[in-house]
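Open the model in a viewer and keep the sequence panel visible. The tour below goes from one selection to the next and says what is found at each stop.

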Amino acid sequence: SNIVDLFDVVHERPAGKPNKQICMIMELLTGGELFAEVVDKGGLSEPRARDLFKQVLFGMAYCHARKLVHRDIKLENLLLTGDKQTLKIADFGLAKDVSESAARTIIGTEKYVAPEMLAGAEYDGFKSDMWSCGVCLYCMTECRT
């Protein structure tokens, strides 16, 4: 899938520290953030943006089919493999399972957030994720230096 793999979760107490901490062992993606690729190239060609955006949508479809909304889709959370051909969604720190209750919390990165999220009322997390995906596509193709 186009989601960063989580291999293990380790609970450990670091030497000299009173509290345990959680360490997540995740897939290493050496191609960097999509943000860096867009900035380095001064924007992406349409074919390149289309290929990467399709992978974003596959990743979102995987999440949404499982009633999980990401709520922080942005170029910085879209990572590339070493050959820069495969994109994976990362950073699920703000994700929410919406199978039981709708999303209400205003979170995410301001420039990527859907307008209805800013209203503070209940919102459709699936639609707000799609808004953020659209902002990413716009940035990929139109944010030229």
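Start by selecting R71, which is buried, with a relative accessible area of 11%. The model is a predicted one. R71 is in the loop between β3 (68–69) and β4. Add S132 to the selection and draw a distance between the two C-alpha atoms: they are separated by 8.3 Å, although the residues are 61 apart along the chain.

Now zoom out and colour by secondary structure. The protein has six strands and four helices. Followed from the N terminus, the order of the elements is β-β-α-α-β-β-β-β-α-α. Switch on the surface next: the accessible area of the protein is about 8,500 Å², and carbon and sulfur atoms account for 54% of that. Of the 145 residues, 39% are buried. If you compute a contact map, consider the contacts in the protein with a separation of 6 or more: 60% of them join residues 24 or more positions apart.

Hide the surface and go to helix α2, where M60 lies. Is M60 buried or exposed? M60 counts as buried because its relative accessibility is 0%, and the cut-off for buried is under 20%. Select its contacts, leaving out residues up to four places away in sequence: M60 touches H70, I73, I89, D129, M130 and C133. A C-alpha distance worth drawing here is the one from M60 to F126, which comes to 8.8 Å for two residues 66 apart along the chain.

The next selection is the largest nonpolar core. In soluble globular proteins, nonpolar side chains tend to be buried together. Which members of this core touch the most other members? They are L34, L75, L78 and M140, out of 21 residues in the core. The elements that contribute two or more residues to this core are α1 (34–41), α2 (46–65), β4 (78–80), β5 (87–89) and α4 (125–142). Helix α2 gives the largest share, six residues. Centre the view on L34 and show its contacts, leaving aside neighbours within four places in sequence: L44, L52, L75, L78, L80, L87 and M140.

Two loop residues come next, and a Ramachandran plot is useful for both. Select K84 in the loop between β4 and β5. K84 is not a glycine, yet its phi is positive, near 60 degrees. K84 counts as partly exposed because its relative accessible area is 32%, which falls between the 20% and 50% cut-offs. Then select D91, in the loop between β5 and β6 (96–97). D91, also a residue other than glycine, has a positive phi near 60 degrees. With a relative accessible area of 41%, D91 is partly exposed.

Keep D91 selected for the last stop, the largest pocket. Rolling a probe the size of a water molecule over the atoms shows where empty space is left. How much space lies in the largest pocket? The volume is about 300 Å³. The pocket is lined by 16 residues, and D91 is among the closest to its centre, together with V4, L6, M26 and F92. Colour the lining by class to finish: 11 residues are nonpolar, three are charged and two are polar.

How values were computed: Residues numbered from 1 in each chain as written. Predicted model: local features only at pLDDT ≥ 70, side-chain atom pairs only at ≥ 80, totals over all residues. Heavy atoms only, no water. Buried < 20%, exposed > 50% of the residue type's maximum accessible area, 1.4 Å probe, protein only. Contact = heavy atoms within 4.5 Å. Areas by Shrake-Rupley, 256 points an atom, 1.4 Å probe, with all protein chains shown as cover. Core = buried A, V, L, I, M, F, W, Y, C linked by side-chain atoms within 4.5 Å. 1 Å grid on protein atoms, 1.4 Å probe; cavity = no way out; pocket = protein on both sides within 12 Å on 5 of 7 lines; lining within 4 Å. Points joined across faces, edges and corners; volume = space filled by probe spheres on them. Nonpolar A, V, L, I, M, F, W, Y, C, P; charged D, E, K, R; others polar.
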